[in-house]
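Biologist: Please put the chain up so that we can go through the fold step by step. I will ask, and you can give the reasoning along with each answer.

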Amino acid sequence: MDKNKFTLTWISSREIFDSKSRSCLLINLCKKKKKKSNKIIDLGSGSGSFLRWCYASEIFFDEMLLVDYDRKLLSKFYPLTKKHLLNYDSTIIKNSALRYSICGTNEIKDRLIKMKNIDLTDALKNINNFDIISLSAMLDILSKKFIKKLFDQISSDKVIYLSLCFDGKISWKRATIYDK
């Protein structure tokens, strides 16, 4: 695997585990707030598994911005999400290469999905435009410098959602050139 990229096979294989590792705290908070508009940014979104989890968990949002540096992973968002939404009597409409709408028969209004193919650091300048900031299932690979910059820039009224996918077991595989 390229040291700067995650393969779609690897991302897809861990989606079920990522979903199981996500806490119900965010679900409860969103239901408790009953806010009319939730804007969510998902930093390091990959193929959009956090968005699919939000949908399955009934975390309602008006707008979600998916940010990832890997264009190939972002391009898989549409087909994977389209397939996922079949379970929820909803559809996704591709408005453009970087803009989508999710429509459900039981929903009052469409949910807007935008994508940005940029470095995560570049997304931090607009971080306070969002109510919820997700770094779901990637905290373990972020640098201290990035985390400090995030906390320095973020307003105190924002929700930051982080999760780790860990099964409680530690095992070692053969070293690769990227282990150093």
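Modeller: A residue counts as buried when its relative accessible area is under 20%. The model shown is predicted.

Biologist: What percentage of the 180 residues in the protein chain are buried?

Modeller: The cut-off of under 20% relative accessible area is applied to each residue. Out of 180 residues in the protein chain, the buried share is 41%.

Biologist: In what order do the helices and strands of the protein chain run from the N terminus on?

Modeller: There are 7 helices and 7 strands to place in the protein chain. From the N terminus on, the order is α-α-β-α-β-α-α-β-β-β-α-β-α-β.

Biologist: Which strands stand at the edges of the sheet, and why is one side of each left without a neighbour?

Modeller: The open sheet has 7 strands in the order β3-β4-β5-β2-β1-β6-β7, and the pairing is mixed. A strand at the edge has a single partner strand, so one side of it is left without a neighbour in the sheet; the strands in this position are β3 (90-96) and β7 (159-163).

Biologist: By how many degrees are neighbouring strands of this sheet turned against each other on average?

Modeller: The figure is an average over neighbouring strands of this sheet, with direction ignored. The turn is 20°.

Biologist: How many residues of β6 are buried?

Modeller: Strand β6 pairs with β1 (residues 39-43) in the parallel sense over 3 bridges, and 5 bridges join β6 to β7, also parallel. In a regular strand the side chains alternate between the two faces of the sheet. Here Ile132, Ser134 and Ser136 point one way from β6, while Ile133 and Leu135 point the other way, and all are buried. Strand β6 is therefore largely enclosed by the rest of the structure, and its buried count is 5 of the 5 residues.

Biologist: Which residue of β7 stands opposite Ile132?

Modeller: Strands β6 and β7 run parallel and are joined by 5 bridges. On the β1 side, Ile41 has Ile133 of β6 as its bridge partner. In β7, the residue opposite Ile132 is Val159.

Biologist: Which helix lies across β6 and β7?

Modeller: The strands concerned are β6 (132-136) and β7, and the helix runs at about 160° to β7. The helix spans residues 25-33 and is α2.

Biologist: Which residue has a side chain joined to that of Ser134 by a polar contact?

Modeller: Ser134 lies in strand β6 and is buried, with a relative accessible area of 0%. Leaving out residues up to four places away in sequence, Ser134 touches Ile41, Asp42, Leu43, Phe50 and Tyr161. The polar contact between side chains is 3.2 Å, and the partner of Ser134 is Asp42.

Biologist: With which residue does Lys109 form a salt bridge?

Modeller: Side chains of opposite charge can pair when their charged atoms come close. The closest N and O atoms of the Lys109 salt bridge are 3.7 Å apart, and the partner is Asp62. The pair links distant parts of the chain, 47 residues apart: Lys109 is in the loop between β4 and β5, and Asp62 is in the loop between α3 (49-56) and β2 (63-67). At 18% relative accessibility, the buried member is Asp62.

Biologist: Which residue forms a salt bridge with Glu63?

Modeller: Glu63 counts as buried at 15% relative accessibility, whereas Lys114 is partly exposed at 26%. The closest N and O atoms of Lys114 and Glu63 are 3.7 Å apart. Lys114 lies in strand β5 and Glu63 in strand β2, so the pair ties together parts that are 51 residues apart in sequence. The residue that forms a salt bridge with Glu63 is Lys114.

Biologist: Which residue of β4 has Lys114 as its bridge partner in β5?

Modeller: Strand β4 (residues 99-104) and strand β5 (residues 111-116) run antiparallel and are joined by 4 bridges. The residue whose bridge partner in β5 is Lys114 is Arg99.

Biologist: How far apart, N to O, are Lys148 and Asp152 in their salt bridge?

Modeller: Lys148 and Asp152 are 4 residues apart in helix α7 (residues 144-153), so about one helical turn separates them. Lys148 is exposed at 51% relative accessibility, and Asp152 is exposed at 53%. Their side chains meet, N to O, at 2.9 Å.

Key:
Residues are numbered from 1 along each chain as its sequence is written. This is a predicted model: local features need pLDDT of at least 70, side-chain atom pairs count only at pLDDT 80 or more; totals for chains, interfaces and linings use all residues. Side-chain values use heavy atoms; hydrogens and water are left out. Helices (H or I, at least four residues) and strands (E, at least two) are DSSP runs, numbered from the N terminus. Buried means under 20% relative accessible area, exposed over 50%, partly exposed in between (1.4 Å probe, protein chains only). Two strands pair if DSSP finds at least two bridges between them. Axes are lines fitted to C-alpha atoms, for helices over the stretch in contact, and angles run from 0 to 180 degrees between N-to-C directions. Contact means heavy atoms within 4.5 Å. A polar contact is a pair of N or O atoms within 3.5 Å; within protein, one must be able to donate a hydrogen and the other to accept it, and residues adjacent in sequence count only if both atoms are side-chain atoms. A salt bridge is a side-chain nitrogen of Lys or Arg within 4 Å of a carboxyl oxygen of Asp or Glu.
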